[in-house]
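Biologist: Hi, I'm new to this one and would like a walk through it. Could you put it up on the screen before we start?

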Amino acid sequence: MKCKRLMALGMTAVMAMSLVACGDSGNTGTDTGKDTETSADTGAADTQTEADASQAEADPSDTDATAEGVPTIDAINVGEDYKDLEASIKILTNRTDIVDTVYAGYAEQFMQLYPNIKVEYEGITDYEESVTLRLTAGDWGDIMFIPTSVAKNELSNYFMPLGDYNTLDATYNFIEEKSFDNVVYGIANGGTASGIAYNKKVWADAGITEMPKTPEEFLEDLQKIKDNTDAVPLYTNFAAGWTMGAWDAYTDCAATGDPDFKNNMVHMSNPFSKRDDMTGPYAVYYILYESVARGLVEDDPASTDWESSKGAINRGEYATMVLGSWCVEQFKEAGDNPDDIGYMPFPISVNGKQYAGSGGNYSFGINAQASDENKIASLLYMKWLIEESTIYLDEGSIPARKDGEYPAVLEAFDGVELLSNNPAPAGEEDLFDNVNNESEVGINNNDYPDCEILEAALYGTRTLDEIMDEWNQKWTSAQETLGVEVNQ
């Protein structure tokens, strides 16, 4: 069996190289095309200078958008400004399941407020691959979920500045994820906590009365489910690809309790090595590897199906899925047993305490090549969507605004501390991207690393230690190539 994304990997590399070809060139020597050096930094600064100049001249209430320039998102008042603006905007989304229903409903509500602005959605199934390719052409539309293939120092090549980091950070969660050189290019469509979705009835039928807090306890519980129920203990959703990439999100805060782990990782020696207390990245990938090696997953991972899996976990056919908390509402709505769906903390403890990483979902970005009218219309719709619509109640996610209420699904995380990754130190904003890409390990870039682990466990071709040793070697080589100081 081959991972669906193994074939796509070569194409992804080509598309990533296309991103660089269309943007500023750099000489970092990376193979993936994710990193440019000082030229991209200059581009970000230049873009911000232009944005500041436009902002200084613009009157947000003026409808002559082309003449007056584009404001920052904090400078516009939805429902009051630009009431006569005429525009037609298109939004790209990965939510093909609700693009013609829920999302179309948001558009209709907004168009009642701004009848001269037409809002159209386009749902894309193979989102990452498709939008990465379309991004280089520049005519993809007006708003998209920024793909992970765009490194921070390339954001200014494709997306317009939304405002100053220090200003927007006071209002919005997770903006450091799509900021560079103190400029914000994307605002997250809410956020999620890192845990595991599960069917409470299946776990109870298996005789499990306490939630697992360590990797071994979790694996033992999966074995109980296999022995005492008809459910698949852990459904990997391998064929979808992106669902496998979700495992990477647990390797920092959730596995270490350290909001600076990701920043420090670039300076660490052998960060993928096994720790005696079974924390850190190794412990996360151990759970994945052992679940497969012990036969605690579906019989044929190549035949998994994401859309049908939602109803299956609702019916109790699958017991567990490793995904962010955003999935809970979808699983609840997929069948007649919404109360059976629960969400547990990831089973790793640091000195007896559990942590959950919280981070942004895909971030909204606005096309830097759009007309000024469309940029302003996009700003109005984005701000309305993240501040005034019911999107976060509907999706059960952490709101974009810091003063919003947390979703009910996280009420079960009593005693679990929610952490977000701290911003990188000044001068190292893109260092993790550089090392990650140069090493070709690809954490949080694509699903290949996690697919590699699953396939090795399924066929017994390599041990987890062998894979982690290889990743450590690649990481070390990247540090040496980029001249990164190793001090841990």
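Modeller: Here it is, and please keep in mind that this is a predicted model. Let us begin with a small piece: S5 and strand S6 (residues 183-184) pair in the antiparallel sense, and two bridges hold that pairing.

Biologist: Okay, and which residue is the bridge partner of Ser-179 in S6?

Modeller: Ser-179 has Val-184 as its bridge partner in S6.

Biologist: In what order do the strands of that open sheet come?

Modeller: The open sheet has three strands, in the order S4-S6-S5, with antiparallel pairing. Strand S4 (163-164) and strand S5 (179-180) are its edge strands, each pairing on one side only.

Biologist: Zooming out for a second, how many helices and strands does the chain have?

Modeller: The chain comes to 20 helices and 15 strands. Of its 488 residues, 57% are buried, and among contacts between residues at least 6 apart in sequence, 75% join residues at least 24 apart.

Biologist: Let's look at another strand. How many residues of S11 are buried?

Modeller: Five of the five residues in strand S11 (residues 341-345) are buried, so the strand counts as mostly covered, given that buried means under 20% relative accessible area. S11 pairs with strand S9 (residues 195-199) in the antiparallel sense over five bridges, and Gly-342 in S11 stands opposite Tyr-198.

Biologist: Changing topic to H4: what span should it have, and how far apart are its ends?

Modeller: Helix H4 (residues 102-113) has twelve residues, and because each step along a helix adds 1.5 Å, the expected span is 16 Å; its end C-alpha atoms are 17 Å apart in the model, which agrees.

Biologist: Which residues of H4 are buried, and what do they pack against?

Modeller: The buried residues of H4 are Tyr-103, Gly-105, Tyr-106, Ala-107 and Phe-110. They pack against three strands and two helices, namely strand S1 (87-93), strand S2 (117-123), strand S3 (143-145), helix H16 (372-387) and helix H17 (391-395).

Biologist: Do tell me about the pockets too; where do H16 and H17 come in?

Modeller: H16 and H17 each supply at least two residues of the lining of the second largest pocket. That second largest pocket has a volume of about 310 Å³ and a lining of 19 residues, with Tyr-392, Leu-393, Ser-397, Pro-399 and Glu-405 lying nearest its centre.

Biologist: What classes of residue line the second largest pocket?

Modeller: The lining of the second largest pocket has nine nonpolar, five polar and five charged residues.

Biologist: And the closed spaces: how many cavities of 30 Å³ or more are there?

Modeller: There are five cavities of 30 Å³ or more, and the largest cavity holds about 70 Å³ of space. Its lining has six nonpolar residues, three polar ones and no charged residues; among the residues that line the largest cavity are Leu-234, Asn-237, Trp-247 and Met-321.

Biologist: Let's stay with Asn-237. Where is its place in the chain, and is it buried or exposed?

Modeller: Asn-237 has its place in the loop between helix H9 (215-228) and helix H10 (242-245). Its relative accessible area is 1%, and because under 20% means buried, Asn-237 is a buried residue.

Biologist: Which residues does Asn-237 touch, leaving out those up to four places away in sequence?

Modeller: With those left out, Asn-237 touches Thr-243, Met-244, Glu-298, Thr-304, Asp-305, Trp-306, Ser-309 and Met-321. Thr-243 and Met-321 also line the largest cavity, as Asn-237 does.

Terms used: Residues are numbered from 1 along each chain as its sequence is written. This is a predicted model: local features need pLDDT of at least 70, side-chain atom pairs count only at pLDDT 80 or more; totals for chains, interfaces and linings use all residues. Side-chain values use heavy atoms; hydrogens and water are left out. Helices (H or I, at least four residues) and strands (E, at least two) are DSSP runs, numbered from the N terminus. The expected span of a helix is 1.5 Å times one less than its number of residues. Buried means under 20% relative accessible area, exposed over 50%, partly exposed in between (1.4 Å probe, protein chains only). Contact means heavy atoms within 4.5 Å. Two strands pair if DSSP finds at least two bridges between them. On a 1 Å grid over the protein atoms alone, a cavity is a set of points where a 1.4 Å probe fits but cannot get out, and a pocket is an open set with protein on both sides within 12 Å along at least five of seven lines; lining residues have an atom within 4 Å of a point. Grid points are joined across faces, edges and corners, and a volume is the space filled by probe spheres set on the points. Ala, Val, Leu, Ile, Met, Phe, Trp, Tyr, Cys and Pro count as nonpolar, Asp, Glu, Lys and Arg as charged, and the others, Gly among them, as polar.
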